[in-house]
Amino acid sequence: MTVKEKIEELRAELHRHNYNYYVLNTPEISDKEFDDMMRELQDLEQAYPEYKDDNSPTMRVGSDLNKNFTQVPHKYPMLSLGNTYSENEVTDFYERVKKALNEDFEICCEMKYDGTSISLTYEDGKLVRAVTRGDGEKGDDVTDNVKTIRTIPLVLHGSNYPQSFEIRGEILMSCD
């Protein structure tokens, strides 16, 4: 198989897996397997720029936008984190951040959970909006859905919080 054929095969496979994940909601491979394929394609495209394609899966930012919800622009972009599978990549990340902060810091690592990134906006201590990450620039307004999650406060306790603020996190469903 030529390099060009390998690149085209990886692109086709990644397009199919993206469709299965984002449209059909039926992934066939693990996130690690997907990330490994994406990394292989990125490496090949970098080594062989003559095969550049603006429609390559490497040129897309993942999106979980759903046409059944109202899209809301994020006040600040809601970016996704890069994946890493080696100690060297974590060390490189640490050194970049340490340089930017100009000081040491601690890292806490946990197993990867696959949930839905969410932005919660509170005004005067009351939940006013819940928005998914979407494409990073805008997301789905899922406020009514999030209000059904009993661990997310609809009204904050106390008074030591800003009048208006946004908090971001991940929504997970346990299998218990």
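This report walks through a predicted model of a single chain, from its overall layout to a few individual residues.

## The overall layout

Let's start with the big picture. The chain has 4 helices and 5 strands, and along the sequence they come in the order α-α-β-α-β-β-β-α-β. If you draw a box around the C-alpha atoms along the principal axes, the box comes out at roughly 65 × 45 × 35 Å.

How much of the chain is buried? Of its 176 residues, 24% count as buried. As for who touches whom, take the contacts with a separation of 6 or more: 67% of them link residues 24 or more positions apart.

## Strands side by side

Strand S2 (residues 116–123) is a good place to look next. S2 pairs with S5 in the antiparallel sense, over 8 bridges, and Ser119 has Arg168 of S5 as its bridge partner. S2 also pairs with S3, again antiparallel, this time over 6 bridges. Here Thr121 is matched with Arg129 in S3.

The hairpin of S2 and S3 has 2 residues between the strands. One residue to look at is Asp124, which sits in the loop between S2 and S3 and has a positive phi of about 50° even though it is not a glycine. Most residues other than glycine have a negative phi. Asp124 counts as exposed because its relative accessible area is 52%, and the cut-off is over 50%.

## Another positive phi

Asn102 is also a non-glycine residue with a positive phi, in this case about 65°. You'll find Asn102 in the loop between helix H3 (87–101) and S2. Is Asn102 buried or exposed? With a relative accessible area of 69%, Asn102 is exposed.

## Two nonpolar cores

In soluble globular proteins, nonpolar side chains tend to be buried together. In this model the largest nonpolar core has 9 residues: Ile118, Leu120, Tyr122, Leu127, Ala130, Val142, Val146, Ile152 and Leu156. S2 and S3 are the elements that give two or more residues to this core, and S2 gives the most, with 3 residues. Ile152 is worth a click: leaving out residues up to four places away in sequence, Ile152 touches Leu120, Tyr122, Leu127, Val146 and Ile171.

Apart from that core lies another one, of 8 residues, including Ile7, Leu14, Leu41 and Leu44. Leu14 belongs to helix H1 (residues 3–23) and counts as buried because its relative accessibility is 0%. Setting aside neighbours within four places in sequence, Leu14 is in contact with Phe34, Met37, Met38, Leu41 and Pro57. Leu14 and Ser56 are 42 residues apart in sequence, and their C-alpha atoms are 8.9 Å apart in space.

## A look at a pocket

Now for some empty space. The second largest pocket holds about 260 Å³. Which residues are closest to its centre? Of the 13 residues that line this pocket, they are Lys75, Ser119, Thr121, Arg129 and Glu166. Ser119 and Thr121 came up earlier, with Ser119 bridged to Arg168 and Thr121 to Arg129.

Strands S1 (71–73), S2 (116–123), S3 (126–132) and S5 (164–171) each supply at least two residues of the lining of the second largest pocket. By class, that lining is a mix of 5 nonpolar, 4 polar and 4 charged residues.

Conventions:
Residues numbered from 1 in each chain as written. Predicted model: local features only at pLDDT ≥ 70, side-chain atom pairs only at ≥ 80, totals over all residues. Heavy atoms only, no water. 1 Å grid on protein atoms, 1.4 Å probe; cavity = no way out; pocket = protein on both sides within 12 Å on 5 of 7 lines; lining within 4 Å. Points joined across faces, edges and corners; volume = space filled by probe spheres on them. Nonpolar A, V, L, I, M, F, W, Y, C, P; charged D, E, K, R; others polar. Core = buried A, V, L, I, M, F, W, Y, C linked by side-chain atoms within 4.5 Å. Buried < 20%, exposed > 50% of the residue type's maximum accessible area, 1.4 Å probe, protein only. Contact = heavy atoms within 4.5 Å. Pairing = 2+ DSSP bridges.
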